[in-house]
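User: Please take a close look at a single part of this model, namely one strand and the strands that pair with it, and then set it beside what can be said about enclosed space in the structure.

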Amino acid sequence: MSADFSQVQAKDTDENLIEQAGRPGDPCAMVIFGATGDLTKRKLIPALYNLAKDNLLSKEFALIGLARNVLTTDEFRQKLSDEVAKFAGEPVDPDLWHWFSRRMYYIPGEFDNPEIYQALDLVLKQADEEHGTRGNYFYYLATSPNFFATIVAQLGKAKLVQEENNRWRRVIIEKPFGRDYESARSLNADVRKVLEEKQIYRIDHYLGKETVQNIMVFRFSNGIFEPIWNRRYIDHVQITVAETVGVETRGGYYDSAGALRDMVPNHIFQLISLVAMDPPISFDADIVRDEQTKILKAIPPMSEEDVLTRTVRGQYGEGHEDGQTVQGYRSEASVSPTSRAETYVAMKLFVDDWRWADVPFYIRTGKRLKKRATEIVIQFRRAPFMLFRQTSVEQLNPNRLVLYLQPEEGISLSFGAKIPGPVVRIGGVQMDFRYTDYFGSKVSTGYERLLYDCMIGDATLFQRSDMVETAWSVVAPIQDVWEALAPRKFPNYASGSWGPKEADDLLERDRRHWVNPE
């Protein structure tokens, strides 16, 4: 009996593992516009390779690259072969890469030229015949945002996004999706002239990170956290997205964008919505995104006075990093010596609903900060002190839950415990979970999950049009005030610091302080 039972148990375990591993993506062809750029070589190709290695990429797959660089298909294959060895993160399996590279094609040309879409149509039909991609195509716009509407319009004119006979067509659009509320609405309108909403996948690579995806699992699968996930128990929330690097080669882009446009309406608002959302009735994509949108709509836009008192902008000056002197932002390549672009943003937001009323959400993001880290801090209210008045305990520290997103991914919970001895003293205790300790390390670019989801038609981790427009509407008053009023003293924080003093003052006025990554 025991032998038979163990065999059944082993069989069940194997089936569970197979089910957990996921099915391969649908047969399809992926078309990358901007295929010779940094995003393709650093993220997209390594991500596709990792999916193939994990048997999550269909055997009926093909890749077509389009860019302005004049290359042949053989030269394109060789280029990516040279680059994948550098960016894959681990040794590349030559047999697997050979299989993958044989499915690559390249078309040179300008994105507004109708002829390259005619050429693309021919190559896609060739991929259908040679690789069995079955007429399923998705297009990745890894280009400047200036080309988004043009490319979608041209795809529509060439009839390359029409869905018929159970063949799907999807378009992944990189951030930034618009520069402000009006441009986001305009871009949405242009794209929707050609595509249905279900065909549009607005990507935010932060949502490909394991801990971001784990927020919903952590909240909704554990009975001990969700009951206290509200204003009665949570004092405030902090979100920090800190980078140690400067703008590097992106000075031209950054000088016209700034940290607010670059990070807040997309990355940070997505994190806020996942932390604050109510439980969805299912993990259906639109149901989850409905709950996220409710949170974004519950963030009251700031008045002009609010912008002046509840937001901080900064720009890094000279400083030190790893013992080396680094230059200030205005000395970076392609940056104006009198630039007003902010490289740091901090602000205090509220979510005006029943769960979160009066709970402040403090957010900050910046470049050239002391440490590279993305963290979400949930700080709970202090317990009443009255029980400890006659003891040597001077104060009670609040419980704090920290979700680590990068560079290491994990979760920690801090609480108080009695220090051994005859006197009542309380010491801080830290319970830490790191993904690598429990599940091992796995090479990932953060794009694997998002590409895979597009291939199987799961849009849960992609932004919907109303989410994008709502996020920009919250940011709009801040943009208006900052554009009208010149910053008083840029640069206002040293490279290698935690940002301008005004950001510390923002919390100190509320008798709180930033929890700096350790």
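**Strand 9 and its partners**

Analyst: Strand 9 is joined by 3 bridges to strand 10, which spans residues 324–326, and the two run antiparallel. This is a predicted model, and the description that follows should be read in that light. Within the antiparallel pair, Glu321 has Gln324 in strand 10 as its bridge partner. Strand 9 and strand 10 form a hairpin in which 2 residues lie between the strands, and Asp322, located in the turn, has a positive phi of about 55 degrees.

Strand 9, which covers residues 316–321, also pairs with strand 17, residues 493–495, through 3 bridges, and here the two strands run parallel. In this second pairing, Gly317 has Ala494 of strand 17 as its bridge partner. Strand 9 is thus bridged in antiparallel fashion to strand 10 and in parallel fashion to strand 17.

As for enclosed space, the structure holds 1 cavity of 30 Å³ or more, and the largest cavity has a volume of about 110 Å³. Its lining comprises 13 residues, of which Phe177, Asn266, Gln463, Val468 and Trp472 are the closest to the centre. Helix 9 (251–276) and helix 14 (465–484) each supply at least two residues of this lining, with the largest share, 3 residues, coming from helix 14. Sorted by class, the lining of the largest cavity has 8 nonpolar residues alongside 2 polar and 3 charged ones.

Conventions
Residues are numbered from 1 along each chain as its sequence is written. This is a predicted model: local features need pLDDT of at least 70, side-chain atom pairs count only at pLDDT 80 or more; totals for chains, interfaces and linings use all residues. Side-chain values use heavy atoms; hydrogens and water are left out. On a 1 Å grid over the protein atoms alone, a cavity is a set of points where a 1.4 Å probe fits but cannot get out, and a pocket is an open set with protein on both sides within 12 Å along at least five of seven lines; lining residues have an atom within 4 Å of a point. Grid points are joined across faces, edges and corners, and a volume is the space filled by probe spheres set on the points. Helices (H or I, at least four residues) and strands (E, at least two) are DSSP runs, numbered from the N terminus. Ala, Val, Leu, Ile, Met, Phe, Trp, Tyr, Cys and Pro count as nonpolar, Asp, Glu, Lys and Arg as charged, and the others, Gly among them, as polar. Two strands pair if DSSP finds at least two bridges between them.
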